[in-house]
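Q: I work at the bench and would like a close look at the ligand and what surrounds it. Please start there, then carry on into the parts of the fold around it.

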Amino acid sequence: MTLRKIIKNNTKLTCAWYVFENWLAGYRLKKGNLKTTSGSRHSGMSLEDSVNYIDKVFADYLDYGKIHNFYGTVAEIGPGDNFGVALCILNSGAQSVHAIDRWKPIKNLNEQKRIYQKLSHRVGFEKLFDGTPNEDNIQGLVYHQGVSAEQFFKQTNVKFDFIISRAVMEHLFDPLEALTSMANALKPGGMMIHRIDLRDHGMFSGHHPLTHLMINEKLWKIMTNKSGRPNRILAPHYKNWLNSNELSGDFFITRLTGITEEITPQKWEQIPYEMREESLKIVKSIKHKISSQYQNMKNSDLSIAGCVLIGKK
Ligand SMILES: C[S@@+](CC[C@H](N)C(=O)[O-])C[C@H]1O[C@@H](n2cnc3c(N)ncnc32)[C@H](O)[C@@H]1O
């Protein structure tokens with residue numbers, strides 16, 4: 001058995017590994033090293049898959065927001081290694097896209113070049129590049145690299161028509177405080193759309209899908225607060241946040257605990273009964289072992305493993 005397997009099989013050893021990894025991330029941050037593989041989405045993807053992914057993410061935003069196009073000033077948090085979605089947003093009618101990323105996702109420049117070249121052949125996209133199609137020549141894109149969303153929205157004077165993210169909120173140290181700053185940065189009539197993955201991101205793969213909730217808060221903090229691993233802010237936290245501020249909000253479920261396939265965003269009652277029951281059974285099997293702050297949550301809330309949060313001002 002390899003050392004990796006020995007560590008993975010034992011949750012205590014796995015925790016110790018993440019404490020070390022988190023310390024290392026803090027050390028790298030102190031040295032100004034912002035490189036990460038989180039967000040290197042297009043690395044190793046075929047050109048066709050990359051373009052399909054960009055189109056899907058863009059179409060999902062329109063679908064979630066029930067809008068036909070973007071307009072005005074848009075903030076995309078954590079775009080990852082490529083600005084294809086920002087290009088689609090600009091082409092649909094936005095004047096500018098502010099891309100905000102705390103880290104520098106590692107990218108393959110040849111793959112990136114091919115993606116921008118392919119997109120530049122689409123009707124309307126060619127005018128979005130000021131010269132050779134690449135990320136440095138996108139007109140209307142303002143890249144805030146090395147700036148966390150928490151910091152950016154606290155400080156910015158820019159007001160946004162849209163603030164969007166996908167697979168990012170779960171990596172923020174304090175996403176609820178950041179959401180409040182985002183709400184302040186929205187224009188009247190503005191909208192935020194966040195797709196959030198509430199799973200453990202493979203930290204305890206091979207174990208029960210809620211194993212991460214067994215760990216106490218203090219230990220979780222030193223396992224994750226520098227590395228950007230999941231923050232364990234769950235569905236009820238987001239729903240409470242939506243209920244406690246001036247935005248009119250909506251909350252849809254995209255995944256259930258222990259169920260592999262994604263679901264189209266929907267309300268709990270709309271999800272097929274058998275699927276809900278299967279997930280609830282998985283939640284109940286670990287409920288007595290998880291830490292007290294999560295034990296107080298409803299089983300149906302612990303069953304929510306992915307969601308879309310919409311807030312309108
Ligand atoms: C899992 S990737 C998602 C990338 C892309 N949105 C997608 O769906 O393919 C998470 C992204 O969020 C960025 N990120 C993580 N924490 C952040 C923070 N606090 N503020 C801004 N960006 C952050 C990462 O650097 C990365 O680009």
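**A close look at the ligand**

A: Let's begin with Arg-166, where a backbone N or O atom lies 2.9 Å from a nitrogen atom of the ligand. Please keep in mind that this is a predicted model. Two further polar contacts involve oxygen atoms of the ligand. One is made by the side chain of Asp-101, with a polar atom 2.5 Å away from a ligand oxygen. The other comes from Gly-80, whose polar backbone atom is 3.3 Å from an oxygen of the ligand. The ligand is well wrapped: on its own it has 600 Å² of accessible area, and the protein covers 95% of that.

Which residues make up this wrapping? The shell around the ligand counts 21 residues, with Arg-41, Tyr-53, Gly-78, Asp-101 and Ala-149 the closest. Sorted by class, ten are nonpolar, six polar and five charged. Strand S3 (94–101) and helix H6 (149–155) are two elements that each give the shell at least two residues.

Strand S3 also leads us to helix H4, because S3 is part of what covers the buried residues of that helix. Helix H4 spans residues 84–92, and seven of its nine residues are buried, so the rest of the structure largely encloses it. The buried stretch consists of Gly-84, Val-85, Ala-86, Leu-87, Cys-88, Ile-89 and Leu-90. Besides S3, the cover includes helix H3 (47–65), strand S2 (72–77), H5, strand S5 (141–145) and strand S6 (160–166). After H4 comes Gly-93, with a positive phi near 140°.

Helix H5, one of those covering elements, holds Ser-120 within its residues 109–120. Ser-120 is buried, because its relative accessibility of 11% falls under the 20% cut-off. The Ser-120 side chain reaches the backbone oxygen of Gln-117 at 2.7 Å. Looking beyond four places in sequence, Ser-120 touches Phe-125, Glu-126, Phe-129 and Pro-133.

Now for the nonpolar packing. The largest nonpolar core has 47 residues, and those touching the most other members are Phe-153, Ile-163, Met-182, Met-192, Tyr-238 and Leu-302. Helix H7 (residues 175–185) provides the largest share of this core, with five residues. Apart from it lies another core, of 35 residues, including Ala-86 and Leu-90, together with Ile-54 and Phe-252. Ala-86 and Leu-90 are also among the buried residues of H4. Back in the largest core, the contacts of Leu-302 beyond four places in sequence are Leu-210, Leu-213, Leu-234, Thr-257, Val-283, Lys-287, Ile-290, Tyr-294 and Met-297.

Let's finish with Lys-313, in the segment after strand S9 (304–312). Lys-313 counts as partly exposed, because its relative accessible area is 34%. Its side chain reaches the backbone oxygen of Leu-186 at 3.0 Å. The C-alpha atom of Lys-313 is 5.0 Å from that of Gly-189, although 124 residues separate the two along the chain. Contacts of Lys-313 that are not sequence neighbours within four places include Ala-183, Asn-184, Lys-187, Pro-188, Gly-190, Glu-246 and Leu-247.

Note on methods
Residues are numbered from 1 along each chain as its sequence is written. This is a predicted model: local features need pLDDT of at least 70, side-chain atom pairs count only at pLDDT 80 or more; totals for chains, interfaces and linings use all residues. Side-chain values use heavy atoms; hydrogens and water are left out. A nonpolar core is a set of buried Ala, Val, Leu, Ile, Met, Phe, Trp, Tyr and Cys residues joined through side-chain atoms within 4.5 Å. Buried means under 20% relative accessible area, exposed over 50%, partly exposed in between (1.4 Å probe, protein chains only). Helices (H or I, at least four residues) and strands (E, at least two) are DSSP runs, numbered from the N terminus. Contact means heavy atoms within 4.5 Å. A residue is near a molecule or strand if one of its heavy atoms lies within 4 Å of it. A polar contact is a pair of N or O atoms within 3.5 Å; within protein, one must be able to donate a hydrogen and the other to accept it, and residues adjacent in sequence count only if both atoms are side-chain atoms. Accessible areas come from the Shrake-Rupley method with a 1.4 Å probe; for residues, only the protein chains shown count as cover. Ala, Val, Leu, Ile, Met, Phe, Trp, Tyr, Cys and Pro count as nonpolar, Asp, Glu, Lys and Arg as charged, and the others, Gly among them, as polar.
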